[in-house]
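Thanks for coming. I will go through one model today, strands to begin with and aromatic rings after that. Please have the sequence and the structure open.

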Amino acid sequence: MHPALHSWRDDLPTAFVRLLAYVGGIALLSTFAAHFFQSPPVMEAITPVLRSEWIEIERPFPAFALSIPEATDVPAHYAIRRHGEGGGRKDIISLGQADGVAPYLQVEIYRPGVEQPRFADPTAEIMSGAAALGPIEVAGAGETLPSKFGALSIVPFTASKVLARKCLGFVRAYDDPRMQLSGWFCQGGNEFIERSTLACALDRLTLLAAGSEPKVGALFAQAELNRSYCGHRSPLMTPTPKHRALWKAAAR
């Protein structure tokens, strides 16, 4: 064909292909350069979240009550915790501040499920439960204290959270029904709570609702028959009288 008759349209496909090849090559080089020169990704350490075995019920319905008229102005708290797998239940009643110097009383009623086939010895139970009070020094063990719930194992110990306090731990386990009553009564200073004061405080522990556990109801019914009314038992006296020494350290 004569060059005069050759049109620029005939070279358009070839030029277009070359342009695409150039653009593709530049894009490929840019991608390679970006991948080669970019900073390595920062790998942050993943901290595992440990879930507690015990789940606290948001709106607990109290099954037990601890009425102490001498401590009406003392902060009170009721908590219920369920074991996520075993099905056990802990009802925890506390009076006072766990990290204060004023008297602090905590009572725990533990009805275990399959998570705990048997209870530990009294000292181990108290030390495990009271770990949140700080480093603990056991001042003695092997003592017993008569109460309306039977003989309690007593474990005196010293807690050092915030300030040193003297605490009197107690525990009593039952086989039928499977239940454990435990807790501690602490106060500031160098003296322990008197044994009679602890027994008087537990004399105020009563059952509100046994639910589907009639044996627990029978246990507390028997305990009421053994009630000493803080050493002032009388057939004419139904309520427990006030015990002047029960919360005496709060006024110091």
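Strands β3 and β4 form a hairpin, with five residues between them. In that turn, G87 has a positive phi of about 90°. Keep in mind that this is a predicted model.

The hairpin strands are β3, residues 76–83, and β4, residues 89–95. Their pairing is antiparallel and runs over seven bridges. To find the register, look at A76, which stands opposite L95 in β4.

Strand β4 has a second partner to look at, β5, residues 104–111. That pairing is also antiparallel, over seven bridges. Here R89 stands opposite R111 in β5.

Is β4 largely enclosed or not, and on what grounds? Seven of its seven residues are buried, so the strand is largely enclosed by the rest of the structure. The side chains go two ways: R89, D91, I93 and L95 point one way, and K90, I92 and S94 the other. Both sets are buried, charged residues such as R89, K90 and D91 included.

K90 takes us to the rings. Its charged end sits over the ring of W54, 4.4 Å from the ring centre.

On to aromatic pairs, of which the count comes to four. In one of them, the rings of W54 and Y110 have their centres 5.7 Å apart and their planes at 75°, so this pair is edge-to-face. W54 lies in strand β1, residues 54–56, and Y110 in β5, so the contact ties together parts that are 56 residues apart in sequence. As for exposure, W54 counts as partly exposed, at 21% relative accessibility. The cut-off for buried is under 20%. Y110 is buried, with a relative accessible area of 4%.

Another pair is F149 with F220: the ring centres are 5.3 Å apart and the planes are at 75°, so it is edge-to-face. This one links distant parts of the chain, 71 residues apart. F149 is in the loop between β7 and β8, while F220 is in helix α4, residues 214–225. F149 counts as buried at 5% relative accessibility, and F220 is buried at 4%.

Back to W54 and Y110. Together with F119 they form one aromatic cluster. Which residue lies over the face of F119? That is R178, at 5.6 Å from the ring centre. So two rings of the cluster have a charge to point out: W54 with K90, and F119 with R178.

Terms used. Residues numbered from 1 in each chain as written. Predicted model: local features only at pLDDT ≥ 70, side-chain atom pairs only at ≥ 80, totals over all residues. Heavy atoms only, no water. Buried < 20%, exposed > 50% of the residue type's maximum accessible area, 1.4 Å probe, protein only. Helix = DSSP H or I, 4+ residues; strand = E, 2+ residues; numbered from the N terminus. Pairing = 2+ DSSP bridges. Phe/Tyr/Trp six-rings, centres within 6.5 Å; stacked < 30°, edge-to-face > 60°. Lys NZ or Arg CZ within 6 Å of the ring centre and 35° of its normal.
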